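Subject: Handover of a structure with bound ligand

Dear colleague,

Please find below the structure I am passing on to you, together with its sequence. My notes on it follow directly after.

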Amino acid sequence: MQYISTRDMCVQCSASEAIVQGLSRDGGLLTPYYIPKLPGNAIEELAAMAYQQRAVYVMKQFLEEFTVKELTSFANAAYGPDKFDTPAVAPVRTVTDDIHCLELWHGPTCAFKDMALQMLPHLLSASLVKTEEQKTACILVATSGDTGKGALEGFRDVDRTKILVFYPKDGVSQVQELQMVTQEGANVGVCAVHGNFDDAQTGVKRLFSDEALREELAGKGYFFSSANSINWGRVLPQIVYYVSAYCDLLRDGKVQPGQAINVCVPTGNFGNILAASYAREMGVPIEKLICASNSNNVLTDFIRTGHYDRNRTFFNTISPSMDILISSNLERLLLTLTKDVEEVKGYMDQLNATGSYRVSGRALEKLQKHFAGYCCDDDETRRVIDRVYKEYQYLIDPHTAVAFSALEQYRSETKDETACLVVSTASPFKFSSSVLEALGEKTVAEGLDALDQLTAKTGIPAPAPLAGLRDKQVRFTQSVNKENMVDAVRSMLG
Ligand SMILES: *Cc1c(COP(=O)(O)O)cnc(C)c1O
């Protein structure tokens with residue numbers, strides 16, 4: 001299967017080249033030329049299989065150069081019992097007759113980034129061999145929290161890779177910082193940056209574009225690569241869990257063969273919901289995709305009006321992984337809607353120049369056929385956490401709560417009661433303080449003690465990877481000014 005740039009049909013490459021490159025040189029996103037259809041009986045067959053086998057089957061449709069044997073070994077390593085705390089890997093929990101929750105946080109870092117970041121390193125190191133790249137990949141990551149830890153866990157001790165994560169010294173939670181500075185593995189590095197997330201992100205971009213540094217590192221056998229969510233190797237493993245969730249619903253008699261469901265996804269960079277859209281194109285019976293946003297509701301407005309406008313106030317919310325005004329993966333959906341790379345390039349040029357664009361009437365019509373957008377603020381997010389806990393004895397994190405709110409709004413507006421799969425993206429324990437406040441606790445403990453408080457309040461044990469942080473050694477204490485991030489690269493790569 002060929003992959004093309006969303007901005008230029010002439011840029012063509014194989015899957016392994018797309019995974020090694022990450023981003024196309026013209027700034028576009030490398031994307032499959034077409035989305036393969038699942039054979040008619042595939043879902044019934046997959047329903048009898050384990051998650052790992054489903055992953056192999058779905059990914060194989062996009063990865064001709066990879067053998068089933070290879071993919072099987074990747075899936076077993078990525079989604080094995082030493083990584084995920086349930087054999088189902090991505091279990092579907094039925095909340096009511098027509099609300100099912102897809103829990104994507106049973107992996108080593110307790111957030112949904114694990115679903116892709118456990119798989120990406122295997123795809124990348126095999127792609128290095130297939131593309132005859134001789135050098136070792138040095139993955140640079142700037143993180144505001146979840147991605148950094150997810151990438152560190154995914155790449156730890158993976159052959160021919162090194163990973164270096166930069167985080168803003170005062171921009172991540174105590175638990176998130178502890179998760180990163182205690183990271184184990186021989187090929188990992190973590191460095192704090194004095195500044196905010198933008199400083200760290202800008203610094204990483206500068207390292208990527210530093211030609212002299214690139215040559216210096218090439219001499220030592222390294223090249224820079226990226227693990228951020230525009231890499232096709234991160235989108236692909238996310239398609240799997242939508243296919244898998246439908247298989248579970250079918251296997252458990254919650255839907256009949258072919259019965260349509262809706263999907264509701266808490267959205268930031270648009271990677272997760274894009275994967276749902278691809279699963280729909282492959283033939284999973286999904287009718288509506290409900291896009292849930294917090295107060296940074298640029299996508300809600302876009303879906304309603306066709307006008308994407310990032311020129312607005314940025315809010316720091318209690319669902320921080322969705323605090324984003326440029327949803328990079330939306331560019332791939334634009335290609336699906338327009339089937340015209342020139343048109344996509346035009347929109348992206350406008351976005352770069354003015355911070356906004358308006359899609360054509362035709363594209364908007366296609367968008368609204370399958371997408372609906374809703375948003376809610378922090379107060380509503382807290383109320384939903386409390387309400388869902390009291391009504392269904394189900395504890396959810398703030399990101400998932402935004403999705404529950406969106407579903408409520410969608411149903412009351414449209415009267416569409418189609419069974420809905422709500423995507424749950426983080427363990428509530430990862431955001432213990434916000435969850436405790438939502439449940440009405442007047443005082444909330446500091447740092448890891450908040451985990452115990454949430455357990456005391458609900459009787460639910462904290463996930464082992466978070467509870468275990470107390471006993472971990474701090475391995476990384478380096479911090480640099482934003483001008484000196486290159487020092488961290490040199491000290492890691494020698
Ligand atoms: C990254 C993240 C999201 C947003 O996912 P996108 O693919 O960027 O839309 C939502 N919730 C949590 C907990 C996340 O870590």
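**The open sheet**

In this predicted model, six strands make up an open sheet of mixed pairing, and their order is β4-β5-β15-β10-β11-β14. The edge positions are taken by β4 (92–96) and β14 (371–375); each has a single partner strand, so one side of each is left without a neighbour in the sheet. On average, and with direction ignored, neighbouring strands of this sheet are turned by 25 degrees against each other.

Within this sheet, strand β10 (residues 261–266) and strand β15 (residues 420–424) run parallel and are joined by three bridges. As for individual positions, C264 has V422 of β15 standing opposite.

**The ligand and its surroundings**

The ligand may be of particular interest for your work. It is surrounded by 15 residues, of which K113, D146, G268, N269 and T425 are the closest. By residue class, the shell consists of five nonpolar, eight polar and two charged residues.

Which residues place polar atoms beside oxygen atoms of the ligand? Three can be named here, and the backbone provides the atom in two of these cases:

- G268, counted among the closest residues, has a backbone N or O atom 2.7 Å from an oxygen atom of the ligand.
- N272 contributes a polar backbone atom, at 3.0 Å from an oxygen atom of the ligand.
- S321 contributes a polar side-chain atom, which lies 3.5 Å from an oxygen atom of the ligand.

How much of the ligand does the protein bury? Taken alone, the ligand exposes 390 Å², and 96% of that is buried by the protein.

**Strand β6 and its two partners**

A further element I would point out is strand β6 (residues 136–142). Is this strand mostly covered or mostly open? It is mostly covered, with six of its seven residues buried.

Strand β6 pairs with strand β9 (residues 222–226) in the parallel sense, over five bridges. In that pairing, C138 stands opposite F224 of β9. Strand β6 also runs parallel to strand β7 (residues 161–168), and six bridges join the two. Here L140 has L164 of β7 as its bridge partner.

**In brief**

The points to take from this handover are the open sheet of six strands, the ligand with 96% of its exposed area buried by the protein, and the mostly covered strand β6, which pairs in the parallel sense with β9 and runs parallel to β7.

With kind regards

Notes
Residues numbered from 1 in each chain as written. Predicted model: local features only at pLDDT ≥ 70, side-chain atom pairs only at ≥ 80, totals over all residues. Heavy atoms only, no water. Pairing = 2+ DSSP bridges. Helix = DSSP H or I, 4+ residues; strand = E, 2+ residues; numbered from the N terminus. Axes fitted to C-alpha atoms, helices over the stretch in contact; angles between N-to-C directions. Near = heavy atom within 4 Å. Polar contact = N/O pair within 3.5 Å; in protein donor to acceptor, adjacent residues only side chain to side chain. Areas by Shrake-Rupley, 256 points an atom, 1.4 Å probe, with all protein chains shown as cover. Nonpolar A, V, L, I, M, F, W, Y, C, P; charged D, E, K, R; others polar. Buried < 20%, exposed > 50% of the residue type's maximum accessible area, 1.4 Å probe, protein only.
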